[in-house]
Amino acid sequence: MATVAEPAEQLQLLYRPEEAAKALRIGRSMVYEEIRLGRLQTVRIGRRRLVPPEYIERYVELLKREAEATA
């Protein structure tokens, strides 16, 4: 399974919600809504919410399953 990645020389382990939005090509408010709904998981460090690449991948897989179910 491929991971969401920046240039190969620097692997990003956690994304800010704004960075996750950019990786997913959706708006920042949509990312926060999906987090609120529990569809996009996050980890917390202090008060910050961060999204590991594997959670972005799980979210994309969820979207694919939903698309297949409605097709």
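Let's start with helix α2, where the exposed residues S29 and R36 sit on the face turned away from the buried side. Keep in mind that this is a predicted model.

So what's on the other side? The buried residues of α2 are V31, E34 and I35. Looking down the helix axis, you'd find these buried residues within an arc of 105°, so they line one face of α2. There's a simple bit of geometry that helps here: an α-helix has 3.6 residues a turn, so residues three or four places apart point the same way.

Which elements do the buried residues of α2 pack against? The partners are α1 (17-24), β2 (48-50) and α3 (53-70).

Three residues are worth a stop, and here's how they compare on paper:

| Residue | Element | Relative accessibility | Class |
|---|---|---|---|
| R28 | helix α2 (residues 28-37) | 48% | partly exposed |
| E34 | helix α2 | 6% | buried |
| I45 | strand β1 (residues 43-45) | 48% | partly exposed |

**E34, tucked away**

E34 is part of α2, and it counts as buried because its relative accessibility is 6%, with the cut-off for buried being under 20%. Who does E34 touch, once neighbours within four places in sequence are left aside? Its contacts are R39, L40 and Y59.

**R28 and its link to E18**

R28 belongs to helix α2, which covers residues 28-37. Is R28 buried, exposed or partly exposed? At 48% relative accessibility, R28 counts as partly exposed, since that class lies between 20% and 50%.

If you skip residues up to four places away in sequence, R28 touches E18 and A21. Take the pair R28 and E18: they're ten residues apart along the chain, and their C-alpha atoms are separated by 5.5 Å. Their side chains are also joined by a polar contact of 3.3 Å.

**Just past the helix**

Follow the chain out of α2 and you come to G38, which takes a positive phi of about 85° just after the helix.

**A nonpolar patch on the surface**

Now over to strand β1, which spans residues 43-45 and includes I45. With 48% relative accessibility, I45 counts as partly exposed. Which residues join I45 in a nonpolar patch on the surface? They're L11, L13 and L14, and together with I45 they have about 400 Å² of accessible area.

Note on methods
Residues are numbered from 1 along each chain as its sequence is written. This is a predicted model: local features need pLDDT of at least 70, side-chain atom pairs count only at pLDDT 80 or more; totals for chains, interfaces and linings use all residues. Side-chain values use heavy atoms; hydrogens and water are left out. Helices (H or I, at least four residues) and strands (E, at least two) are DSSP runs, numbered from the N terminus. Buried means under 20% relative accessible area, exposed over 50%, partly exposed in between (1.4 Å probe, protein chains only). Contact means heavy atoms within 4.5 Å. A polar contact is a pair of N or O atoms within 3.5 Å; within protein, one must be able to donate a hydrogen and the other to accept it, and residues adjacent in sequence count only if both atoms are side-chain atoms. The arc is that of the directions from the helix axis to the C-beta atoms. Patches are made of residues with over 30% relative accessible area and no salt bridge: like charges are joined within 9 Å, nonpolar side chains (Val, Leu, Ile, Met, Phe, Trp, Tyr) within 5 Å. Accessible areas come from the Shrake-Rupley method with a 1.4 Å probe; for residues, only the protein chains shown count as cover. A salt bridge is a side-chain nitrogen of Lys or Arg within 4 Å of a carboxyl oxygen of Asp or Glu.
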